[in-house]
Amino acid sequence: MPLRICTWNINSVRLREPIVLDLLRQHAPDVLCLQETKSPVEKIPTEAFTELGYGHMVARGQKGYNGVVILSRVPIEDAGHRDFCEKGDARHVAARTEDGTTIHNFYVPAGGDEPNREVNIKFAHKLDFLAEMQAWFKEERPRRSILVGDLNIAPREDDVWSHKQLLKVVSHTPIEVDELAKTQDAGAWVDITRQDIPEGQLYSWWSYRAKDWSTADKGRRLDHIWATPDLARGAGESHVARNVRGWEKPSDHAPVFASFDT
């Protein structure tokens with residue numbers, strides 16, 4: 001049976017527990033990867049997830065910030081994490097399935113407002129984080145691996161509502177797009193979403209600031225599913241569950257899905 005994966009920046013797993021449960025009921029992915037959970041691991045509301053069949057979890061957490069969780073209804077084991085930039089942030093965790101597939105869940109730093117590392121330490125952190133990802137992938141050359149998460153970069157012109165207007169806005173600047181491409185190349189990762197949906201505007205994030213986010217539709221594709229070539233060949237069924245952005249008390253991100261013949 002295919003392995004169906006979903007990635008979603010939830011913007012507080014405890015605050016938005018009801019819509020996480022709704023997603024699990026309605027879409028039933030085998031594995032749900034959450035970012036920005038904003039919770040220590042021991043305070044993640046696991047009981048309700050377990051009742052729905054998601055009794056396996058690998059997670060790293062912090063109080064009020066960051067946080068990455070992998071929930072699964074198929075057995076997984078903890079495959080570790082890396083402390084990028086030696087900040088102690090919960091921005092990466094990995095799990096391994098019984099058939100040896102490794103799932104990496106990332107939350108890349110947003111980067112602040114000014115796309116200049118000399119004056120913005122948050123932007124410098126983002127670039128350094130990507131550089132460490134590149135070095136790791138070059139050294140280890142991942143195989144049989146899936147990488148998901150909020151990578152906080154919309155790389156293509158049709159991944160943003162206006163390429164021209166966002167060229168100097170953090171998340172779509174040329175330097176970020178270039179660094180993300182280097183990161184992808186370092187592990188020979190395949191962008192599964194765009195492998196399946198090669199053309200057209202596609203977004204996974206819409207700002208809370210818009211009064212009517214759907215009508216304005218000023219989105220960006222910040223959330224990604226990648227895979228190594230050995231798994232990319234058997235990938236499909238990619239989509240963004242845009243309607244979830246309109247649920248009650250939503251995250252500003254929508255879930256992204258893909259399936260793999262592992």
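Leaving aside its neighbours within four places in sequence, which residues is Lys-218 in contact with? Hi everyone, let's start right there. Lys-218 touches Trp-161, Trp-205, Trp-206 and Trp-213. Before I go on, please keep in mind that this is a predicted model.

So where does this lysine sit? Lys-218 is found in the loop between α7 and β11, the strand at 219-220. Its relative accessible area is 46%, so Lys-218 counts as partly exposed. If you look for Glu-237, which is 19 residues away along the chain, its C-alpha atom is 25 Å from that of Lys-218.

Trp-205 leads us nicely to the next topic, the largest pocket. Trp-205 is one of the residues nearest the pocket centre, together with Ala-110, Gly-112, Asp-113 and Asn-152. In total, 38 residues line this pocket, and its volume is about 1100 Å³. Three elements each give two or more residues to the lining: α3 (121-140), β10 (205-206) and α7 (213-216). Of the pocket lining, α3 supplies the largest share, with four residues. What is the mix of nonpolar, polar and charged residues in the lining? The answer is 15 nonpolar, 11 polar and 12 charged.

Now for the salt bridges. Side chains of opposite charge can pair when their charged atoms come close. Over the whole structure, the search finds 17 salt bridges. Let me walk you through a few of them.

In helix α1, Asp-22 and Arg-25 form a salt bridge, with 3.0 Å from N to O. The two are three residues apart in that helix, residues 17-27, so about one helical turn separates them. Asp-22 is partly exposed, at 27% relative accessible area.

Helix α5, residues 174-186, has a pair too. Lys-182 and Asp-178 are four residues apart there, about one turn of the helix, and their closest N and O atoms are 3.4 Å apart in a salt bridge. Both ends are partly exposed, Lys-182 at 40% and Asp-178 at 38%.

The next one links distant parts of the chain. Asp-30 and Arg-73 make a salt bridge with their closest N and O atoms 3.1 Å apart. Asp-30 belongs to the loop between α1 and β2 (31-35), while Arg-73 belongs to the loop between β4 (68-72) and β5 (76-78), 43 residues apart. Is Asp-30 buried or exposed? With a relative accessible area of 12%, Asp-30 is buried, whereas Arg-73 is partly exposed at 39%.

There is also a network of salt bridges, and its members are Arg-156, Asp-158, Asp-159, Asp-191, Arg-194 and Arg-221. That one is fun to pick out on the screen.

Last stop, the nonpolar interior. The largest nonpolar core has 29 residues, and those touching the most other members are Ile-5, Ile-70, Ile-146, Ile-192, Ile-225 and Phe-260. Strand β14, residues 256-260, gives the most to this core, with three residues. Phe-260 is worth a click: leaving out residues up to four places away in sequence, its contacts include Ile-5, Ile-146, Ile-192 and Ile-225. Pro-2, Leu-3, Ala-227, Leu-231, Gly-234 and Ala-235 are also among its contacts. Apart from this core lies another, of 22 residues, including Val-13, Ala-48, Val-244 and Trp-247.

That's my tour, thanks for listening!

Key: Residues are numbered from 1 along each chain as its sequence is written. This is a predicted model: local features need pLDDT of at least 70, side-chain atom pairs count only at pLDDT 80 or more; totals for chains, interfaces and linings use all residues. Side-chain values use heavy atoms; hydrogens and water are left out. On a 1 Å grid over the protein atoms alone, a cavity is a set of points where a 1.4 Å probe fits but cannot get out, and a pocket is an open set with protein on both sides within 12 Å along at least five of seven lines; lining residues have an atom within 4 Å of a point. Grid points are joined across faces, edges and corners, and a volume is the space filled by probe spheres set on the points. Ala, Val, Leu, Ile, Met, Phe, Trp, Tyr, Cys and Pro count as nonpolar, Asp, Glu, Lys and Arg as charged, and the others, Gly among them, as polar. A salt bridge is a side-chain nitrogen of Lys or Arg within 4 Å of a carboxyl oxygen of Asp or Glu. Buried means under 20% relative accessible area, exposed over 50%, partly exposed in between (1.4 Å probe, protein chains only). A nonpolar core is a set of buried Ala, Val, Leu, Ile, Met, Phe, Trp, Tyr and Cys residues joined through side-chain atoms within 4.5 Å. Contact means heavy atoms within 4.5 Å.
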